[in-house]
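Here's a quick tour for anyone meeting this structure for the first time. Have a look at it, then read on.

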Amino acid sequence: MNKCIERLYNGIIKENPTLVLILGMCPTLAVTTSAINGMGMGLTTTAVLVMSNFMISLLRKIIPDKVRMPAYIVIVASFVTVIQMLLEGYLPSLNESLGVYIPLIVVNCIILGRAESYASKNPVVPSIFDGLGMGLGFTLSLTILGALREILGAGTFFGLTVYTEELMPPVSIMVLAPGAFFVLAMVIAVRNKIIRGKKTAAEAGCDKIDCGHCGNTACAGHKTGSAE
Amino acid sequence: MNLIIIAISAALVNNVVLSQFLGLCPFLGVSKQTKTAASMGVAVIFVIAISSACSNLIYKFILIPTGMEYLQTIVFILVIAALVQFVEMFLKKSSPALYSALGVYLPLITTNCAVLGVALNSVSYGYNFIETVVYGVSTAIGFTIAIVLMAGIRERIADNDVPESFKGMPIVLLTAGLMSIAFVGFSGLV
């Protein structure tokens, strides 16, 4: 039981996939135009991550080592297709606003990264919790980013008005493409400021994730961080 | 004329990295040096050109007649993965010089969301074969422009005194944000 809680803590705080490992950047920046979109994307990815971790962990002794990558991709792609159909049927408005980024969950580095570095080596229950922790960590950071962009760029929070136009005109660039880069840069800089002096979690994460796999840039941050 | 509009819109106005956020992993990860960034760009152009053509043909002649359009995600990602492997083997045999230049970057492309994104988008926009290829190649050219520019800027950032908290990723993201503003300027073109 302790191990399961440890996996949740690890995914949400210690190795937060977005803010610490800098993985899965495409959906992070693309769909966080509002808090609700960020949360929807995060929960969708969580669902896929939990199911794929479960399935891959279950099949870890059957899948031959040489073809493991294609096998993982097929498993993930099947779950993504299932989720996409469910969203189309039950949440058409969310499906509309996330658009092409739902099928693109297949190539989200977080999912293949967890499959490769955790689910393929560990029993089923911890793998499910690992997926849940990572997914919730992803959801949390996406919701924070989405909320910040929505408040700054549109003056609303989950669709509720925070301040009116007379008080302060919203900075509409924050909901456009450049704003995504700025807000994420600020959030990571604030995080760096808070943990400065401590041993960075990226260091711990780096050994486990295959860096070359998707150009995991946490290593780049780690190098400059340890130079001080 | 239609083709020129598709090309300009895909390469500059709706730049794949800076306004659609596809292919960010290589954009942030492989942009430390101009030379490697350019090789990555060429590899992406090469793979996207072939994969967009193949996925278009497969969609039109296999998935539509059999009524299995809902399998597009699975089929496209498998086609891309197989194609990348095939291109790698082919280049190794036929042109070792090009292979040694692109070698490391080819396997990385499988997880580049721009490749799958192009295949899925061209289906949802309803492009025909020629339009798809033009759209794919110009998207990849847009990617190359963005990654080479980024690498050029990063080479200069490396010599500068960046505030402690902004070292590493944050300064790169800020740079990308400024580049993205510059690319918004193209929106009057189409």
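## Starting at one end of chain B

Let's begin with Met1(B), which sits in the segment before α1 of chain B. Met1(B) is exposed, its relative accessible area being 73%. If you jump 90 residues along the chain to Leu91(B), the two C-alpha atoms turn out to be separated by 34 Å.

## How far to trust it

Keep in mind that this is a predicted model. Chain B has an average pLDDT of 87, and 99% of the residues score at least 70. Within chain B, confidence is highest in helix α8 (residues 129–157), with a mean of 93. At the other end of the scale is helix α6 (residues 105–109) of chain B, where confidence is lowest, at a mean of 75. As a rule, where pLDDT is low, the predicted coordinates should not be read in detail.

For the complex, the predictor gives an ipTM of 0.84 and a pTM of 0.83.

## An odd angle in chain B

Staying with chain B, look at Phe21(B), in the loop between α1 (2–13) and α2 (24–29). Its phi is near 60°, a positive value in a residue that isn't glycine. For context, most residues other than glycine have a negative phi. Is Phe21(B) buried or exposed? Phe21(B) has a relative accessibility of 4%, so this residue counts as buried.

## The layout of chain A

Now over to chain A, which has 11 helices and two strands. Going along the sequence, the pattern reads α-α-α-α-α-α-α-β-β-α-α-α-α. Chain A has 228 residues, and 55% of them are buried. Take the contacts in chain A between residues at least 6 apart in sequence: 74% of these join residues at least 24 apart.

Thr28(A) gives a close-up of a buried spot: this residue lies in helix α2 of chain A and has a relative accessible area of 0%. The side chain of Thr28(A) reaches the backbone oxygen of Gly24(A) at 2.6 Å. Leaving out residues up to four places away in sequence, Thr28(A) touches Thr18(A), Leu23(A), Phe138(A), Leu142(A) and Leu145(A).

## Where the two chains meet

How many residues of chain A are in contact with chain B? There are 43 of them, in contact with 40 residues of chain B. Between them, the two chains bury about 3600 Å², and 80% of that is on carbon and sulfur atoms. Three residues, Cys26(A), Val107(A) and Phe181(A), supply 18% of the area that chain A buries against chain B, more than any other three residues.

Several elements give two or more residues to the side of chain A that touches chain B: α2 (25–30), α4 (68–90), α6 (109–119), α8 (177–195), α10 (211–214) and α11 (218–226) of chain A. The largest share, 12 residues, comes from α8(A). The residues on this side of chain A divide into 30 nonpolar, 10 polar and three charged. Across the interface of chain A and chain B there are zero salt bridges, but two residue pairs are in polar contact, both at pLDDT 80 or more.

## Salt bridges

Over all chains, the count of salt bridges comes to six. One of them pairs Glu116(A) with Arg68(A), at 2.8 Å from N to O. This pair links distant parts of the chain, with Glu116(A) in helix α6 and Arg68(A) in helix α4 of chain A, 48 residues apart. Glu116(A) counts as buried because its relative accessibility is 18%, under the 20% cut-off. Arg68(A), at 24%, is partly exposed.

In chain B, the side chains of Lys167(B) and Glu164(B) meet in a salt bridge at 3.7 Å, N to O. Both partners are partly exposed: Lys167(B) has a relative accessibility of 30%, and Glu164(B) has a relative accessible area of 31%. Elsewhere, salt bridges that share partners join Glu6(A), Arg7(A), Arg114(A) and Asp130(A) into one network. Within this network, the closest N and O atoms of Glu6(A) and Arg7(A) are 3.7 Å apart. Glu6(A) is partly exposed at 34%, whereas Arg7(A) is buried at 8%.

How values were computed: Residues are numbered from 1 along each chain as its sequence is written. Chains are lettered from A and ligands numbered from 1 in the order in which they are written. Side-chain values use heavy atoms; hydrogens and water are left out. Helices (H or I, at least four residues) and strands (E, at least two) are DSSP runs, numbered from the N terminus. Buried means under 20% relative accessible area, exposed over 50%, partly exposed in between (1.4 Å probe, protein chains only). pLDDT is the predictor's confidence in each residue, from 0 to 100. Contact means heavy atoms within 4.5 Å. Buried area is the accessible area (1.4 Å probe) that two parts lose on being put together, summed over both. A salt bridge is a side-chain nitrogen of Lys or Arg within 4 Å of a carboxyl oxygen of Asp or Glu. A polar contact is a pair of N or O atoms within 3.5 Å; within protein, one must be able to donate a hydrogen and the other to accept it, and residues adjacent in sequence count only if both atoms are side-chain atoms. Ala, Val, Leu, Ile, Met, Phe, Trp, Tyr, Cys and Pro count as nonpolar, Asp, Glu, Lys and Arg as charged, and the others, Gly among them, as polar.
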